[in-house]
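This report introduces a structure to a reader who has not met it before, taking its ligand surroundings, its pockets and one of its strands in turn.

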Amino acid sequence: MIMRYKKLKRTGFKVSAVASGSHIQQMSQEQCNIAYNTALDHGVNLIFTSAAYMVAEAKITAAVGDRRKEFYIVSTTDYRDAEHASKQIDESLKIFKTDYIDIYNIGGIRKPEIIDQALAPGGALEALLEAKKEGKIGHIGVTGHRPEALEKAIKTGHIECALFVFNWALQNPLQDMLPLCKEYNVDTFCMRPLEDGMLDNHAERNLRFLFSSPLDIVVSGMYTPEVIDYNVALASKSPTKTEWEELQLQARELGWTGCRKCGLCLSWREMTGTTTTCPYAINSPMIMTLYYYRKKYGLSPNAEKRWREFIGVAKKCDDCGKCEAICPYNLPITKYIHNAIRETP
Ligand code: SF4
Ligand code: SF4
């Protein structure tokens with residue numbers, strides 16, 4: 001099994017087709033040591049993280065800091081203003097025990113007004129441009145769940161790569177992010193390739209869909225040697241045009257609720273804290289994302305168990321309408337919730 005690498009057009013990086021994510025807050029240092037060292041041993045050479053994940057940068061450094069030359073490091077600020085973003089870059093450099101971070105992102109973009117703050121004079125973009133000039137960071141990226149907000153950032157011309165949600169259940173990047181990034185010569189990364197394990201009943205097909213698509217790099221939460229082996233084996237096989245065409249045809253058959261997984265209907269986090277939308281914490285984003293997928297393909301036993309937990313909470317819905325009032329795409333969320341409850345005996 002030989003890792004497949006891709007030369008990215010904008011940053012010029014030569015990156016493994018699958019990169020490591022870092023939702024590792026709950027993992028022990030010992031587990032992180034095994035996960036990141038195994039990933040590097042398999043040829044994974046990019047680790048994507050965020051300063052907002054609190055301990056993630058420190059755990060990565062403790063695990064593979066001494067192998068810094070073997071991987072690109074990507075981190076992210078959730079701050080919107082230049083002063084805090086600048087301090088955060090310096091803090092990341094200190095934590096990573098390095099003098100250079102390959103890519104630094106403006107992240108957590110769930111509302112267009114947030115990106116407006118970050119792009120305005122005195123905003124986070126200024127701090128990233130300054131850090132780039134000073135050689136503290138190599139490239140500037142953007143991450144988030146709102147294609148129209150990422151678009152605003154990309155159109156400044158300063159953004160060199162973008163990370164967004166893309167998987168078999170959420171295919172909208174084929175229509176929005178991927179053509180936009182191609183037009184602006186922006187390198188592309190996707191997160192949640194198996195929707196936090198919920199799409200694992202067709203894992204091979206769902207991952208090959210991404211590996212054969214026009215996307216550059218899949219960022220995957222690979223935290224055990226078995227999962228790393230599996231991801232690397234699938235990533236290593238070169239896709240053919242026929243494979244992509246066939247998978248795309250199949251994928252097109254899936255219905256779509258219109259959800260982009262922005263999360264606003266449940267709650268959202270800003271540096272100032274978390275704001276709750278649904279009084280019962282009903283996981284509408286997950287129900288909206290999986291609704292048609294489950295109907296068509298079912299779920300694995302584990303995923304179905306989690307789905308039933310979501311539905312158990314969803315039964316508390318009192319139709320208060322707060323989720324629909326905040327949904328940027330005016331989606332009929334409660335209709336889907338009630339249908340999902342009915343269809344989950
Ligand atoms: S309508 Fe239901 S799901 Fe939506 S916010 Fe109110 S209780 Fe939550
Ligand atoms: S239903 Fe609307 S508000 Fe909720 S996650 Fe999807 S797009 Fe966002």
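Which helices each supply at least two residues of the shell around ligand 1? In this predicted model, helix H13 (322-326) and helix H14 (333-342) each do so. The shell around ligand 1 has 13 residues, and those that come nearest to the ligand are Cys278, Cys317, Cys320, Gly321 and Cys323. Divided by class, the residues of this shell are eight nonpolar, two polar and three charged.

**The pockets**

The two pockets described here can be set side by side.

| Pocket | Volume | Lining residues | Nearest the centre |
|---|---|---|---|
| Largest | about 1,400 Å³ | 46 residues | His23, Tyr53, Met191, Arg192 and Asp196 |
| Second largest | about 410 Å³ | 16 residues | Lys9, Lys182, Thr188, Pro214 and Asp216 |

The largest pocket is lined by 46 residues, and the elements that give two or more residues to this lining are strand E6 (101-109), helix H8 (203-211), strand E10 (217-220), helix H9 (225-236), strand E11 (267-270), helix H11 (284-297) and helix H12 (301-314). By class, the lining of the largest pocket is made up of 19 nonpolar, 19 polar and eight charged residues. Where does the largest pocket lie with respect to domain 1 (5-248) and domain 2 (267-342)? Because residues of both domain 1 and domain 2 take part in its lining, the largest pocket lies between them.

The second largest pocket is lined by 16 residues, and strand E1 (5-7), helix H7 (177-183) and strand E9 (187-191) are the elements that give two or more residues to that lining. Of the elements, H7 gives the most to the lining of the second largest pocket, with four residues. The lining of the second largest pocket comprises seven nonpolar, three polar and six charged residues.

**Strand E6**

Strand E6, which is among the elements that give two or more residues to the lining of the largest pocket, can also be described by its burial and by its pairing with a strand. Nine of the nine residues of E6 are buried, and E6 is therefore largely enclosed by the rest of the structure. Strand E5 (residues 72-77) pairs with E6 in the parallel sense, over four bridges. Within this pair of strands, threonine 77 stands opposite isoleucine 106 in E6.

Conventions:
Residues numbered from 1 in each chain as written. Chains lettered and ligands numbered in written order. Predicted model: local features only at pLDDT ≥ 70, side-chain atom pairs only at ≥ 80, totals over all residues. Heavy atoms only, no water. 1 Å grid on protein atoms, 1.4 Å probe; cavity = no way out; pocket = protein on both sides within 12 Å on 5 of 7 lines; lining within 4 Å. Points joined across faces, edges and corners; volume = space filled by probe spheres on them. Nonpolar A, V, L, I, M, F, W, Y, C, P; charged D, E, K, R; others polar. Domains from an automatic or database assignment. Near = heavy atom within 4 Å. Buried < 20%, exposed > 50% of the residue type's maximum accessible area, 1.4 Å probe, protein only. Pairing = 2+ DSSP bridges.
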